Amino acid sequence: MVHGRISRLSVRDVRFPTSLGGHGSDAMHTDPDYSAAYVVIETDVDDGLKGYGITFTLGKGTEVVVCAVNALAHHVLHKDLKEIVGDFRGLYRQLTSDGQLRWIGPEKGVVHLATAAILNALWDLWAKQEGKDPQMLLSCIDFRYITDVLTEEEAYEILQKGQVGKKEREEQMLTHGYPAYTTSCAWLGYSDSTLKQLCAAALKDGWTRFKVKVGADLQDDIRRCHLIRDMIGPEKTLMMDANQRWDVPEAVEWMSKLAEFKPLWIEEPTSPDDILGHATISKALAPLGIGVATGEQCHNRVIFKQLLQVNAVQFLQIDSCRLGSVNENLSVLLMAKKFGIPVCPHAGGVGLCELVQHLIIFDYISVSASLQNRMCEYVDHLHEHFKYPVKIKHASYLPPKDAGYSTEMKESSIKKYQYPDGEVWKKLLTAQEN
């Protein structure tokens, strides 16, 4: 039974200097330091029940998200957990419709990232206490702005249909896991020798799906794509990711030149806000057999609704921290099911793999009931800092067995990497000053 009153909410700025090795580098984000605004929600329950939530960032700016979390904290402090989950939709709307903070959103940017961190911690708390039925899950979703595409009744019908064959799908996940693809081999800042070395290691480990970063220099892209395609062979799956680098005509022209490498999709070819631009690119690349994927920087369910309405994507990518936690991701999974578009989540960063595994396995078991054209991103960085790290076997996500949202970090890691006072940052900042 859900119980406990929220007695404290704290947030810390945790950063990892991944830019030093070029990890995470792409055409737009050349020197990311994988970071997180890390939220801990404490309750007055005797056994010290806590919820842990994160939102992912790239270094600078994490302090702004921390400020936004603190500005929103009063909406959950001293509330009873039973009261929260009894009207989770109401709390979601309260956080996203704060009369004054909404002005610097609404439901986008820093305020929405902060909302996700708080809600992720609440889901972690709730998941440790009890199971959830379809009706209860629907009561968490804010259907405002999307009823022209998905009503609550339609969503309920989808979840009811998802009950059929559920047990078999659960067994399949426990036995085989959820198919993954790797982005770890081909960050834009990696040298050719690093790329080859990591690619060879991934092939040895059984990986069959690879993503390469493109978009900065066409000739360099052609050379690197040749290199990776030669290594993985013609049968393996290759995806490309431009991280919003191009204008619409440029995206079409550039991808026409890279079509020889048979990419399954081009990810974020242009601005994540340009719905009609994605639709134009999608239509132009269809004859080449190249799909369009996007979603990691889509602000909210409304953007996803429109992408689906105008056939702008062939692969939909959700993110555990960009959207308003599980609440909003549920609505996107349900819309994608209605439109028949496969969901292939964005992951990596700090804790994104740990979070998204829950969403994608739930999607397969209870919503989509399909693995066709579906896979989840995996990046092999920073899992050692989590108490319940993600488990990968045979290039697949194995279902997590521990209760909660897998978001709790090790206290030793937080102390070491907290910005700017952690031991790692003290050394780095001192070295920079000298």
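Is D274 buried, exposed or partly exposed? D274 is partly exposed, since its relative accessible area is 27%, which lies between the 20% limit for buried residues and the 50% limit for exposed ones. I should say at the outset that what we are looking at is a predicted model.

Let me stay with D274 for a moment. This residue sits in the loop that runs between β7, residues 263-267, and α11, residues 275-285. If we compare positions along the chain with positions in space, D274 and E377 are 103 residues apart in sequence, and their C-alpha atoms are separated by 23 Å.

I turn next to α10, the helix of residues 248-258. Which residues of α10 are buried? They are V248, A251, W254, M255 and L258. Around the helix axis these residues cover an arc of only 125 degrees, and they therefore lie on the same side of α10. As for their partners, the buried residues of α10 pack against α9 (218-232), β6 (237-241), β7 and α11.

In the loop between β6 and α10 we find Q244. Its phi is near 70 degrees, which is a positive value in a residue other than glycine. Q244 counts as buried, because its relative accessibility of 15% falls under the 20% cut-off.

A second positive phi belongs to H78, where the angle is near 65 degrees, again in a residue other than glycine. H78 is placed in the loop between α1 (62-72) and α2 (81-86). Is H78 buried or exposed? H78 is exposed, with a relative accessible area of 53%. So, of the two residues just discussed, Q244 is buried and H78 is exposed.

Now to a pair of helices. Two packed helices are described by the angle between their axes and by the distance between those axes. For α3, residues 88-96, and α4, residues 109-127, the angle is about 155 degrees and the axes are 10 Å apart. The two helices are therefore roughly antiparallel to each other, because an angle over 145 degrees counts as such. Their crossing is right-handed. On the α3 side, the contact is made by F88, L91, Y92, L95 and T96, and on the α4 side by H112, T115, L119, L122, W123 and W126. What is the character of the residues in this contact? Eight are nonpolar, three are polar and none is charged.

The loop between α3 and α4 contains P106. The peptide bond leading from G105 to P106 is cis, and its omega is near -20 degrees. A cis peptide bond also joins Y419 and P420, with omega about 0 degrees. P420 lies in the loop between α15, residues 411-417, and α16, residues 423-433.

My last residue is V367, which belongs to helix α14, residues 352-368. V367 is buried, with a relative accessible area of 3%. Which residues does V367 contact, once its neighbours within four places in sequence are left aside? The contacts are I158, L159, L333, L334, K337 and F362. Finally, V367 and E267 are 100 residues apart along the chain, and a distance of 24 Å separates their C-alpha atoms.

Key. Residues numbered from 1 in each chain as written. Predicted model: local features only at pLDDT ≥ 70, side-chain atom pairs only at ≥ 80, totals over all residues. Heavy atoms only, no water. Axes fitted to C-alpha atoms, helices over the stretch in contact; angles between N-to-C directions. Helix = DSSP H or I, 4+ residues; strand = E, 2+ residues; numbered from the N terminus. Parallel < 35°, antiparallel > 145°, perpendicular 65-115°, else oblique. Left-handed = near helix turned anticlockwise from the far one by under 90°. Contact = heavy atoms within 4.5 Å. Nonpolar A, V, L, I, M, F, W, Y, C, P; charged D, E, K, R; others polar. Buried < 20%, exposed > 50% of the residue type's maximum accessible area, 1.4 Å probe, protein only. Arc of directions from axis to C-beta.
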